[in-house]
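Student: I would like to learn how to read a protein structure. Could we look at one together?

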Amino acid sequence: MEIHMEPILFYGVPEGCSFSSIVPLEWSGLRYRLCRIEMPGVVTSEAYARVNPVRETPALMNEDGAILRESTAILGKIARAAPARLGGGDPDRLTEALAFLNTTFFSAFNPLWHAVEHALPPSEAAALRAYGTAAVARAHGALERLMTGRDWLLGDRPSAADAYFAGIARWADFHGVIARRDYPGVDRLYGRLRRDPAGRFAVAIEHERPAESAGGFAGHVTLDEALGLFRAAA
Ligand SMILES: N[C@@H](CCC(=O)N[C@@H](CS)C(=O)NCC(=O)O)C(=O)O
């Protein structure tokens, strides 16, 4: 049975990487709804485990009630669903950029998160922070080289990869580990995303401030409502 409804993005707050999926949904012009998931409280619940057994955000419930997990899969799907607004480039280059961001860039922050989320002896926390700081600096250096001569990660137009970058890059400010202005290409890209109406919309949504959609946002649903639509198909 087909359920025919707007896709629902389950996004994590605070400061989740799901920001990166809200932005291209806005750019796409497609109708969509949002389901807010508090972390770590709700994301670790049994109810949310029905959406994503890995207990992570983001997740995307499709029009037929099936659920897609993992940022790279969700971002690729949104890009394919709106080729006129988000496509146009070589799909292999999008996969390449998303893979870099999902591994090298995202993972660089893991030691820093571990250090703040666990009560560790000071020497262990300091070692993790040093490791994370070096990894974040190295990842920014790599990204700066990728940005040489480009306005956007894939060249001359925004793509889902730029949104993914911005959702992760802000963690450098939270941890206070690098000065983004030391990486001018990266800094310009970050500024573009923060000024973009879709980027501003996503920040407003995260902070529960009045948010003006320039896309197809059709409102929030609760986790209970979303589970009612859920088809255990994925
Ligand atoms: N590989 C996953 C990673 C997702 C991930 O780590 N999500 C974080 C937020 S950025 C999360 O949901 N964490 C759960 C928690 O904080 O308990 C993806 O990119 O989809």
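Student: Which atom of the ligand lies 2.8 Å from a backbone N or O atom of serine 71?

Tutor: An oxygen atom of the ligand does. Keep in mind that this is a predicted model. Threonine 57 also uses its backbone: one of its N or O atoms there is 2.8 Å from a ligand oxygen. With glutamate 70 the side chain takes part, placing an N or O atom 2.8 Å from a nitrogen atom of the ligand.

Student: Which residues come nearest to the ligand?

Tutor: There are 13 residues around the ligand, and the nearest of them are Cys17, Glu56, Thr57, Glu70 and Ser71.

Student: Where does the ligand sit, and how much of its accessible area does the protein cover?

Tutor: Its place is the largest pocket. On its own the ligand has 510 Å² of accessible area, and the protein covers 79% of that.

Student: Let us turn to salt bridges. How do I recognise one, and how many are there?

Tutor: Look for a side-chain nitrogen of Lys or Arg within 4 Å of a carboxyl oxygen of Asp or Glu. By this rule the count is 10 salt bridges. One of them joins the side chains of arginine 31 and glutamate 6, with 2.9 Å from N to O. Arginine 31 belongs to strand S2, while glutamate 6 is in the segment before strand S1, so the link spans distant parts of the chain, 25 residues apart.

Student: Are those two partners buried or exposed?

Tutor: One of each! Arginine 31 is exposed, at 52% relative accessible area, whereas glutamate 6 is buried, at 18%. Salt bridges with shared partners also bring Glu6, Arg31 and Arg33 together in one network.

Student: What does glutamate 15 pair with?

Tutor: Its salt-bridge partner is arginine 170, and their closest N and O atoms are 3.9 Å apart. Glutamate 15 lies in the loop between S1 and helix H1, and arginine 170 in the loop between helices H8 and H9, 155 residues apart. Glutamate 15 is partly exposed at 28% relative accessibility, but arginine 170 is buried at 5%.

Student: Where are the partners in the salt bridge between aspartate 151 and arginine 192?

Tutor: The closest N and O atoms of this pair are 3.4 Å apart. Aspartate 151 is in the loop between helix H7 and H8, and arginine 192 is in helix H10, so their salt bridge ties together parts 41 residues apart in sequence. Aspartate 151 is partly exposed, with 42% relative accessibility.

Definitions and conventions. Residues are numbered from 1 along each chain as its sequence is written. This is a predicted model: local features need pLDDT of at least 70, side-chain atom pairs count only at pLDDT 80 or more; totals for chains, interfaces and linings use all residues. Side-chain values use heavy atoms; hydrogens and water are left out. Helices (H or I, at least four residues) and strands (E, at least two) are DSSP runs, numbered from the N terminus. Buried means under 20% relative accessible area, exposed over 50%, partly exposed in between (1.4 Å probe, protein chains only). A residue is near a molecule or strand if one of its heavy atoms lies within 4 Å of it. A polar contact is a pair of N or O atoms within 3.5 Å; within protein, one must be able to donate a hydrogen and the other to accept it, and residues adjacent in sequence count only if both atoms are side-chain atoms. Accessible areas come from the Shrake-Rupley method with a 1.4 Å probe; for residues, only the protein chains shown count as cover. On a 1 Å grid over the protein atoms alone, a cavity is a set of points where a 1.4 Å probe fits but cannot get out, and a pocket is an open set with protein on both sides within 12 Å along at least five of seven lines; lining residues have an atom within 4 Å of a point. A molecule sits in a cavity or pocket if more than half of its atoms lie within 2 Å of its grid points.
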